[in-house]
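Please walk through this model with attention to its open and enclosed spaces and to the way its helices meet. The sequence and coordinates come first, and the explanation follows.

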Amino acid sequence: MKAKLLALVSLASLFVLNGCNGIGDKDTILARIDGEKVYQEDYALLLKNGGLKGVKNQYLYDNLYSKAALSAKAVEEYPELEDEWKAYYADLDARVLTMVYQRYYVSENMTYSDAELRQFYDANRSMFPEDSTGDFLSVRPLVASYYYASKNAEAFAAYIKDTLKLENPTAEDSLKAKKSFADVRRVALQQELSTDLLAKHNIEIKELPPVDPKVYYNKHQDQFMTVPGYELYHVQADSAKLAGLFTETPTLDQFKSVAAANSKNAKTAKDSGYVGHVKVDYVLPYGIGVVPQLMPTLKDKEPGFVTPVLKASDNTFHVFYLAGIDASRLKPFDRVDVGIANAIKDGYYFDVDTSVVLITKAGEPVFTEADMIRFNEKFIHRTMNRNIHDRVVSMLAEAFAFADAAKEAHLNHSWEYRAMVRQSRWDYLSEHYIQKKLGGENIPEDTLKALFDRVGSPIHVGYNYEQAKEDLRKVAAFPVNMYKHEYYMGYRMLYVGKTFEESVPVIYARRSDEVERLMSQRFAAEAYSKATVHLYDTGVSEYKPTMIANVLLARADSLYQAGKKSDAYYEYRKVMFAYADNDSLFEHVAYEMAQIESENEEFLDAEGDYYAFYTMWPDSPNAEKAMFSRGFMLNENLGQNDQALEVLETFLQKYPNSELKESAQWLVDNIKSNGKLAEDLMKKIEAEE
């Protein structure tokens, strides 16, 4: 049983303990959660970045305690994550120091130390009447502005007289002037830093060796291959007619005869259905246009293959004969040399040996092309051209310089730096823990390659396999329940005409953020509920996490019973998304959500959800009711009688002993009578009344 321990030594209140400094000493521990410590400085950073949102106990849990609990759980279950985090952060540290230096030390403090500014603040409280809480950090930029004006009194007096043209400024005018005077200096500081910092810290960006067109061509021959394709014939006709044209696989001559006699496409029929040499993924000529399933159907097939009936984007139907395969071939260098030279000049074709030094410090290498490749794989995930490469090198060179400047100012010991590092670590551990829990990091290479072959780069269009590998890992690990439910319930509009495989990238894009966010909250809540928690801030009550299945279900059931069906729906939905990897929970809430939609007369949504339910769980006790409800709804509420008839007749075949059999049969008979049964029944009822 989890021990929830409050510190025996009462801190009473951080506001009282630390006088008028509202956030308290920043190294004060707020909580100890298993092996993780949460400090006052973590809370201070949150306040600076966005202020307190909501009730403090939930705010602390949502933003700090839950992350600490999940991080502790991550390291406990997967100890290797700690070393992985350290390796990851090694490339991130300079950027964090840069942020601390630029944002806090320059933009806020104007390069003054906290101690210096606090001393001025304590001696001049009357200058900060808006600071009703006595919180130094909330007004630190203003303190720096006033302090700068006091340190440069003569220049400030000239600024008031010569720039602002104020002869007898009021106290209010003077305070406003101090702020604007300091803002001018802030802008100047930023410009000085960006201009002088590289030279001051001996950071140099090295010139890159030129790219030889012939060397580039030989090294990247895959970029200069012709587009593969197929030599095709076709027949265009009604789908029913096409289905009966070829009972056996025809020879080419037989196919040409059928095409000449039966094809509705006059342009190809006169040439016995000849379409010509068609490149992969190109639009077909002679008005055929786009046939989405043609290229996947032809893949790996041999000449003589005849496709099934395929539907084009303009709703015409076709059968194709594969007469030949046009293999991809390397274009000769003299055909592409001018284009390569121009692309190199414009920065589109780009290649650097991994040993090339990109950045030096005091003449010593600090960053090579090999480091750039690793950095790109970890953080950027972009296909490098010269322009992107130059921008990244420039950014990193500045980061190295800023990091040195930050260390000179001892900002690597500042509370902001410590809090930002801790926040980065918690975010990293949480994200990778979820991926491990979903199995994403254990997916075999051949599985990822097969997925890439089917769907390409599912998140970043145009990525090659190596670039898309991490994206593919996430897509492959995403809960199958969510893919299936989303696909089936959206069959009517969102995914019409698409196969399940074709819909996977779209579904992931639509749902991944919410699923991963709620799963993260769930894992954190579960970790916190089982952790040993010491809370030292006795002035704040402990928040009990709600993102736990039994808590969510109890709340949903209670709301439903109270008639608050829409509120109950969203609680069930939280369970669906947070526990998408749990088959039984997903099944339970999927049915409840469909029921609520039906009762709320949201018939289009309910119909789709009922269809998804009995398709995914055909053996569920609720599948029978879901299928009947869908059939009834299609007939009674949506007026789609043909589809209703199909569903209800399937119902009668699948559930011949159902208690709903008579009702289903009556609905079928009524549809077939064009509603006459219902009319007769209404007349009988009216007569009896």
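**Pockets, a helix contact and a cavity**

Sorted by class, the residues lining the largest pocket comprise 14 nonpolar, 15 polar and 19 charged. The model is a predicted one, and the volume of this pocket comes to about 1700 Å³. Its lining is made of 48 residues, among which Ile-373, Asn-376, Glu-377, Glu-466 and Gln-467 are the closest to the centre of the pocket. Several helices take part, since at least two lining residues are supplied by each of α4 (80-90), α10 (213-219), α16, α18 (415-438) and α20, while the largest share, 8 residues, is that of α16.

Just after α16 in the sequence comes His-381, which is placed in the loop between α16 (369-380) and α17 (386-408). His-381 has a relative accessibility of 28% and therefore counts as partly exposed, because that class lies between the buried limit of under 20% and the exposed limit of over 50%. Beyond its neighbours within four places in sequence, His-381 is in contact with Asn-376 and Tyr-463, and Asn-376 is one of the residues named as closest to the centre of the largest pocket. Gln-467, also among those central residues, is 86 residues away from His-381 in sequence, yet the two C-alpha atoms are 6.3 Å apart in space.

The helix α20, which contributes to the lining of the largest pocket, also packs against another helix. Two packed helices are described by the angle between their axes and the distance between the axes. For helix α19 (residues 445-455) and helix α20 (residues 465-477), the axes come within 9 Å and cross at roughly 100 degrees, so that α19 is roughly perpendicular to α20. On the side of α19 the contact is formed by Glu-445, Leu-448, Lys-449, Leu-451 and Phe-452, and on the side of α20 by Tyr-465, Ala-468, Lys-469, Leu-472, Arg-473, Val-475 and Ala-476. Taken by class, the residues of this contact are 8 nonpolar and 4 charged, with no polar ones.

Turning from open space to enclosed space, the structure contains 1 cavity of 30 Å³ or more, and the largest cavity holds about 60 Å³ of space. It is lined by Asn-57, Leu-60, Tyr-65, Tyr-528, Leu-535, Asp-537, Val-540, Ser-541, Glu-542 and Tyr-543. Helix α3 (residues 56-77) gives the largest share of this lining, with 3 residues, and by class the cavity lining divides into 6 nonpolar, 2 polar and 2 charged residues.

Notes
Residues are numbered from 1 along each chain as its sequence is written. This is a predicted model: local features need pLDDT of at least 70, side-chain atom pairs count only at pLDDT 80 or more; totals for chains, interfaces and linings use all residues. Side-chain values use heavy atoms; hydrogens and water are left out. On a 1 Å grid over the protein atoms alone, a cavity is a set of points where a 1.4 Å probe fits but cannot get out, and a pocket is an open set with protein on both sides within 12 Å along at least five of seven lines; lining residues have an atom within 4 Å of a point. Grid points are joined across faces, edges and corners, and a volume is the space filled by probe spheres set on the points. Helices (H or I, at least four residues) and strands (E, at least two) are DSSP runs, numbered from the N terminus. Ala, Val, Leu, Ile, Met, Phe, Trp, Tyr, Cys and Pro count as nonpolar, Asp, Glu, Lys and Arg as charged, and the others, Gly among them, as polar. Axes are lines fitted to C-alpha atoms, for helices over the stretch in contact, and angles run from 0 to 180 degrees between N-to-C directions. Angles under 35 degrees count as roughly parallel, over 145 as roughly antiparallel, 65 to 115 as roughly perpendicular and the rest as oblique. Contact means heavy atoms within 4.5 Å. Buried means under 20% relative accessible area, exposed over 50%, partly exposed in between (1.4 Å probe, protein chains only).
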